[in-house]
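Let's work through a few short exercises together on charged side chains. Have the sequence and the model at hand, and try each task before reading its solution.

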Amino acid sequence: MGLPKNFISCDWGTSNFRLRLVETHSLKILSETRSDLGIKKCYQLYKQQKELSQQAFFSNYLLAQLEKLDLQAVGKPYLVSSGMLSSSIGMQELEYCKLPIAFSGEDLISNWIPMGKDLDLLLISGARTDSDVMRGEEIQAIGLSDYLPKSGRGILLLPGTHSKHIQFNDGQFMDFTTYMTGELFEVIGKHSILSASLEELPWSPLFKDIFLKGVKQGVDNQQMASLFSIRANSLIHETSSSENYYFLSGLLIGAELSHLKDRKETVYLAVTGIQNELYQLALKSFLAEARIVCFEPQIIDKALLIGQRKILETHVK
């Protein structure tokens with residue numbers, strides 16, 4: 001049968017929703033709609049009513065959003081969704097696929113769900129080890145695998161609220177670890193005694209030294225002993241709140257990356273924006289630059305679509 005000319009990508013996370021009509025070959029976005037009705041909020045709305053089943057409730061929202069896309073002359077569209085839609089608070093829970101998984105994604109658990117209106121949804125599972133789970137990042141990793149070496153070992157870094165460090169070897173993702181770096185930063189910055197000593201300002205090279213000081217202490221596993229020094233430095237040394245902000249950022253990023261100092265693999269960094277600059281600074285402070293590969297933003301932006309296309313390809317041959 002072969003791949004369709006177009007497909008619809010559903011990116012439904014915990015906090016946000018996005019549908020995109022995609023040209024399959026070029027991955028050009030033909031039309032798009034977004035909302036802030038993430039999986040968590042949609043599930044709460046489902047629980048407040050009694051008329052519809054969980055699957056029907058989520059299906060109705062999806063179908064309503066599809067009407068906002070320009071689907072004229074598309075033919076029978078395939079809708080591909082990964083991430084939280086296959087969780088217990090999504091449309092239909094799918095079991096996690098246990099690693100290792102191939103770069104092709106063919107090992108992932110999936111299910112076709114008829115949506116009516118001549119539309120089928122390909123729902124894709126998350127992935128797990130014996131001690132960790134993820135839903136969504138595995139599809140991004142599968143998309144990025146087109147730019148990873150097919151032989152040998154490496155570590156793919158996906159920084160974020162819950163950063164993933166994914167180990168791969170000879171065309172398979174073998175293991176991963178989650179680091180709650182982004183969430184810890186938010187909790188400490190907004191809900192701890194340190195919050196009064198922190199102020200977010202746009203990144204400037206002027207903060208480089210204080211950031212790297214934090215990185216070094218994090219890499220050296222001194223984060224627990226260093227956290228309260230943020231408040232002490234404000235009171236005793238009148239360190240500015242913005243300097244404290246980037247010291248804390250460095251401290252937590254350094255702690256996340258610390259295990260890499262004892263490893264030999266090449267590290268592949270996939271993150272955009274200011275986090276790209278900060279993670280690069282942190283990595284280069286204790287690793288040889290030859291061991292660090294940083295993906296271009298346009299590759300990262302298309303990783304989810306590439307991953308979803310690869311999964312679709314395994315189902316429509």
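**Exercise 1.** Find what joins the side chains of Asp11 and Arg18, then decide how exposed each residue is.

*Solution.* Start with the contact: in this predicted model, Asp11 and Arg18 meet through their side chains in a salt bridge, with 3.0 Å from N to O. That fits the cut-off, which asks for a Lys or Arg side-chain nitrogen within 4 Å of an Asp or Glu carboxyl oxygen. Next, take the exposure. Arg18 has 18% relative accessibility, so this residue counts as buried, because buried means under 20%. Asp11, at 25%, counts as partly exposed.

**Exercise 2.** Locate Glu186 and Lys190, and describe how they are placed in their helix.

*Solution.* First, both residues belong to helix H4, which covers residues 181-191. They sit four residues apart, about one turn of the helix. Then look at their charged atoms: the closest N and O are 3.5 Å apart, and the pair forms a salt bridge. Finally, Lys190 is exposed at 55% relative accessibility, whereas Glu186 is partly exposed at 42%.

**Exercise 3.** Which of the two partners, Arg263 or Glu265, is buried?

*Solution.* Begin with the salt bridge between Arg263 and Glu265, whose closest N and O atoms are 2.8 Å apart. Glu265 has 15% relative accessibility and therefore counts as buried. Arg263, at 24%, counts as partly exposed.

Elsewhere, Lys98, Arg128 and Asp130 are joined into one network by salt bridges that share partners.

**Exercise 4.** How many salt bridges does the structure hold?

*Solution.* The count for the structure is nine salt bridges.

Note on methods. Residues are numbered from 1 along each chain as its sequence is written. This is a predicted model: local features need pLDDT of at least 70, side-chain atom pairs count only at pLDDT 80 or more; totals for chains, interfaces and linings use all residues. Side-chain values use heavy atoms; hydrogens and water are left out. Buried means under 20% relative accessible area, exposed over 50%, partly exposed in between (1.4 Å probe, protein chains only). Helices (H or I, at least four residues) and strands (E, at least two) are DSSP runs, numbered from the N terminus.
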